[in-house]
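Hi there,

Here is the structure I promised to pass on. Please open it alongside this email, and I will walk you through what turned up.

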Amino acid sequence: MISSLIHLARLSRVGFVLAREGALGLIDTAELPPAGRLAIRLARVIERPGLGGGAERLAAALTRLGPSYVKFGQFLATRPDVVGARTAHDLESLQDKMPPFEQEKAVRIVENAFGGELRTVFAEFSPPIAAASIAQVHRARLLSGDVDVAVKILRPGVRERFARDLGAMRFAARLFHRLLPDTRRLRPVEVVETLARSVTMEMDLRLEAAALSEMGENTRDDADFRVPKVEWDATAREVMTSEWVHGIPLSDIPAIDAAGHDRTALAKTVIQSFLRHALRDGFFHADMHPGNLFVDPQGRLVAVDCGIMGRLGRAERRFLAEILLGFITRDYRRTAQVHFDAGYVPDYHSVADFAQAIRAIGEPIHNRRADEISMAKLLTLLFEITALFDMATRTELVMLQKTMVVVEGVARKLDPQLDIWGTAEPVVREWIGHNLGPRGLLAEAGRGAQDVGGVIARLPALLARGEKMFMRLEKASAEGFTLSPASTESIGKAEARGNRGATLALWAIALLLLLGLL
């Protein structure tokens, strides 16, 4: 009860800040119940005058609420299936930039992490050069040689702050799920839990170092792409040390031109590297905005900040390759059939009808330059069509689709004339030829034989377990199912929580209405 009241107090502050900064004006009230529309209208009375556009309102509100909500906004930018393509686009402008914490605290964290004075780890250690919601970066030099490194240090107290705010977000998600049935399709509880898992991994910098190392192994033979090398001897849970990148950020177009780099070739590298990682490796950088991408003096693309990564299984990679090839060759029937074969579209729909819908996406963008294609509109149409055909949301595919939009935007800034499909085709055809051609089919058959052999080896144990399960079902059908005392107690507690939840919900509504009237 006490914790629920604390969460309600925190959420009341969140509601006030969102209303004050004008962020509630971005909500489409047409889809809300009458009570919801009334609450939004009342809350908007306290909006500050002279507010900017949607992106500015969201950025101002989330920045004012603190690091946890900035990270939440960035996370929602990767989920247009939840917030819509327009809102996701607005959230992309949200910059994860925070004031740095004191140098003395950074030094103390390093010393605690390695059990010695700073001078026993680094020969030089600069003040912070960049700061975000979870960590900040210092430039340093190792004792072992004349090597500059980037030292990423976790913010002090950040775990406790995120745990507190995530508790309030979980409470709000459960409240929405219970009181507003129409929002259940947006899966608010799952969204918050996904954010919680992502943030938990980001706050252990050893895991980010492992992701950076894995990507480094995957791309060690790539001539046009690399990632910084991890310095494991100077890496711990709160500290990650990696090679310093001597390069130009892709956001600095004048500097790229002044250095004489080929922007057209660089734009192709951005597209092809991303597709190669997704298809060949099944492991891709899911936050490829210009601030995380550099071009080094040799003209290679360098990616940093591997806190958010995406993974694709073999089935998803085949699905992606077939879809892309279908669009490239304008074989929409094949593209549609792949969706059905993968089980992404229910069998009660027509393949021909789905192919017709896919054509509506593909035809308008063929033979057009990058500057003539709105990927945001394309993504919106894609989600509308998948909803029309009851295609279930797949988180890994949504992250992939959203990253593709970001990557396309980066490439467009480098070369507005870039042919996206022509650039993608060699990578897609190479993967399909290698994995779905004769050689790939033989390898697939070998993997299948191994799976069958494993099942045969476990067959006696599986039969014994099946017999026991059948006997238990027979007994249950004759005598009925018996609940354990623990289960009965849990049901009672759940009912009690439900009654308390209804009471708290009324308090929440009253508090929100009161805020709107202030």
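Below are my notes, going from the whole protein to a sheet and then to some aromatic rings.

Please keep in mind that this is a predicted model. The protein has 21 helices and ten strands. Of its 518 residues, 45% are buried. Among contacts with a separation of 6 or more, 69% link residues that sit 24 or more positions apart. The exposed surface comes to about 27100 Å², and carbon and sulfur atoms supply 57% of that area.

The sheet is a good place to look next. It is open and made of four strands in the order 1-2-3-5, with antiparallel pairing. Strand 1 (122-131) and strand 5 (239-243) are at the edges, each pairing on one side only. From one strand to the next, the twist averages 25°. If you zoom in on strand 2 (residues 135-142) and strand 3 (residues 148-154), you will find an antiparallel pair joined by seven bridges. One residue to pick out there is A135, whose bridge partner in strand 3 is L154.

Two helices deserve a look together with this sheet. Helix 7 (residues 103-114) packs on the sheet and touches strand 1, strand 2, strand 3 and strand 5. The direction of helix 7 makes about 125° with that of strand 1. Helix 10 (residues 205-218) lies across strand 3 and strand 5, and runs at about 25° to strand 5.

Now for the aromatic rings. How many aromatic pairs are there? The count comes to four. Take F274 and F284: their ring centres are 5.7 Å apart and their planes stand at 90°, so this pair is edge-to-face. F274 belongs to helix 12 (residues 263-281) and F284 to strand 7 (residues 283-285), so the pair ties together parts that are ten residues apart in sequence.

Are these two rings' residues buried or exposed? F274 has a relative accessible area of 2%, which is under the 20% cut-off, so F274 is buried. F284 also counts as buried, because its relative accessibility is 1%.

Elsewhere, F340, F354 and F389 form one aromatic cluster.

If you have time for just a few views, I would begin with helix 7 on the sheet, and then turn to the edge-to-face pair of F274 and F284.

Happy browsing, and do write back with any questions.

Best wishes

Terms used:
Residues are numbered from 1 along each chain as its sequence is written. This is a predicted model: local features need pLDDT of at least 70, side-chain atom pairs count only at pLDDT 80 or more; totals for chains, interfaces and linings use all residues. Side-chain values use heavy atoms; hydrogens and water are left out. Two strands pair if DSSP finds at least two bridges between them. Axes are lines fitted to C-alpha atoms, for helices over the stretch in contact, and angles run from 0 to 180 degrees between N-to-C directions. Contact means heavy atoms within 4.5 Å. Rings of Phe, Tyr and Trp (its six-membered ring) pair if their centres lie within 6.5 Å; planes under 30 degrees apart count as stacked, over 60 as edge-to-face and the rest as tilted. Buried means under 20% relative accessible area, exposed over 50%, partly exposed in between (1.4 Å probe, protein chains only). Accessible areas come from the Shrake-Rupley method with a 1.4 Å probe; for residues, only the protein chains shown count as cover.
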